[in-house]
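Here is a short briefing on one protein chain. Look over the sequence and the structure, then read the points by topic.

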Amino acid sequence: MKNVACLALVALASCAAAYGQAPKANLYPTMAPIAKYLMPSAAAEIALARTAGPSSISAHAEVLVLTKQGYVVGAKGTNGWVCFVGRSWSAGLNDPEFWNWRGLGPACLNPPAVRSVLPQYVARTKWAIAGDTREEIAAKSKAAYADHQFTDPAPASFAFMLSKEGYLLGADGPWRPHVMPFTAYDQMATWGAGFKGSPIDGPSDYTYYRPYEPLTIAIPVSHWSDGSSAPK
């Protein structure tokens, strides 16, 4: 079984950090043309983003859509949640898949994650589109964290990633439905993530991340957002 936990950045989230796999060669040293990262239409992206969570939540959530200028609000929400499709730069800053344009990670972030995690992925997206290198994005992220513009994930921050329609890098598809808590770099052990026998997955390679980044862990669940059973 391939263990993958991603954002999309979000994104969270986004959606390129491979768990339990051998390190990959860096086939994507720089960002591709922005057109490669865009979906065919805003309507298609909104529909995909909403598949991340149960309809009781995602139907009332705000939805972000990626444009050539960054994420914009594609649909207004009423419940404090935000759904969006994370791209590869929501991966760890050292991840070799950081610029892979194929990644599409639908995620629905709960209100604590919207407040504390989403701003980081939105900012990364703007910097990436503006032409910043990975190291420039890292430097800006580190400075923002030092100035408390970025913070550790708020308690109880998590995202639903229950879509069977996304493309998670490392899984070459949707992998499995999972709940994805966000945690600070030094708090993984409090979740038991990655421990032998633990059902909670954590990153197998911490060198993909830097101490000022939010880390993601994954708790596989039994059903996709449409109610169908997940593979066992």
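What follows covers the overall fold, the disulfide, three helices and three single residues.

The model is predicted. Its protein chain holds five helices and ten strands. Of the 232 residues in the chain, 56% are buried. One disulfide turns up in a search of the whole structure.

**Surface**

- The protein chain exposes about 9,800 Å².
- Carbon and sulfur atoms supply 58% of that exposed area.

**The disulfide**

- A disulfide is a covalent bond between the sulfur atoms of two cysteines.
- Here the partners are Cys-83 and Cys-108, with their sulfur atoms 2.0 Å apart.
- The bond links distant parts of the chain, since the two cysteines are 25 residues apart.
- Cys-83 sits in strand β5 (residues 82-86), and Cys-108 sits in strand β6 (residues 105-109).
- The torsion about the S-S bond of Cys-83 and Cys-108 is about 100°, so this disulfide is right-handed.
- Both Cys-83 and Cys-108 are buried.

**Helix α1**

- Helix α1 runs over residues 42-50, and its buried residues include Glu-45, Ile-46, Leu-48 and Ala-49.
- These four cover an arc of only 165° around the axis, so they lie on the same side of α1.
- Cover for the buried residues of α1 comes from elements including β3 (62-67), β4 (70-75), β5 and β6.
- Two of those covering strands, β5 and β6, also carry the disulfide cysteines.

**Arg-50, in helix α1**

- Arg-50 lies in helix α1.
- Is Arg-50 buried or partly exposed? Its relative accessible area is 23%, so Arg-50 counts as partly exposed; the cut-off for buried is under 20%.
- Arg-50 touches Ser-58, Ala-59, His-60, Ala-61, Val-63 and Ala-75, leaving aside residues up to four places away in sequence.
- One of these partners, Ser-58, places its backbone oxygen 2.4 Å from a polar atom of the Arg-50 side chain.
- Arg-50 and Cys-108 are 58 residues apart along the chain, yet their C-alpha atoms are separated by 7.5 Å.

**Val-73, in strand β4**

- Val-73 lies in strand β4, one of the elements that cover the buried residues of α1.
- Val-73 has a relative accessible area of 47%, which makes it partly exposed.
- Which residues does Val-73 touch, not counting residues up to four places away in sequence? They are Glu-62, Val-63 and Leu-64.
- The C-alpha atoms of Val-73 and Ile-46 are separated by 9.8 Å, with their positions 27 residues apart along the chain.
- Val-63 is touched by Val-73 and also by Arg-50.

**Helix α4**

- Helix α4 has twelve residues and reaches 17 Å from its first C-alpha to its last.
- That reach is close to the 16 Å expected at 1.5 Å a residue.
- α4 is mostly covered, with nine of its twelve residues buried.
- The buried residues of α4 are Leu-118, Gln-120, Tyr-121, Val-122, Ala-123, Arg-124, Thr-125, Trp-127 and Ala-128.
- Just after α4, Gly-131 takes a positive phi of about 105°.

**Helix α5**

- Helix α5 has 13 residues, running over 134-146.
- At 1.5 Å a residue, α5 should span 18 Å, and its end C-alpha atoms are 18 Å apart, which agrees.
- Arg-134, Ile-137, Ala-138, Ser-141 and Ala-144 are the buried residues of α5.
- They cover an arc of only 130° around the axis, so they lie on the same side of α5.
- What covers the buried residues of α5 includes α4 (118-129).
- On the other side of α5, Lys-142 and Ala-146 are exposed.
- Just after α5, His-148 takes a positive phi of about 65°.

**Arg-210, in a loop**

- Arg-210 is found in the loop between β8 (178-183) and β9 (215-216).
- Is Arg-210 buried or exposed? Its relative accessible area is 15%, so Arg-210 is buried.
- The Arg-210 side chain makes a polar contact with the side chain of Asn-94, at 2.7 Å.
- Arg-210 touches Leu-93, Asn-94, Glu-135, Ala-138 and Tyr-185, leaving aside residues up to four places away in sequence.
- Among these partners, Ala-138 is one of the buried residues of α5.

Technical notes: Residues are numbered from 1 along each chain as its sequence is written. This is a predicted model: local features need pLDDT of at least 70, side-chain atom pairs count only at pLDDT 80 or more; totals for chains, interfaces and linings use all residues. Side-chain values use heavy atoms; hydrogens and water are left out. Buried means under 20% relative accessible area, exposed over 50%, partly exposed in between (1.4 Å probe, protein chains only). Accessible areas come from the Shrake-Rupley method with a 1.4 Å probe; for residues, only the protein chains shown count as cover. A disulfide is a pair of cysteine sulfur atoms within 2.5 Å. The arc is that of the directions from the helix axis to the C-beta atoms. Contact means heavy atoms within 4.5 Å. The expected span of a helix is 1.5 Å times one less than its number of residues. A polar contact is a pair of N or O atoms within 3.5 Å; within protein, one must be able to donate a hydrogen and the other to accept it, and residues adjacent in sequence count only if both atoms are side-chain atoms.
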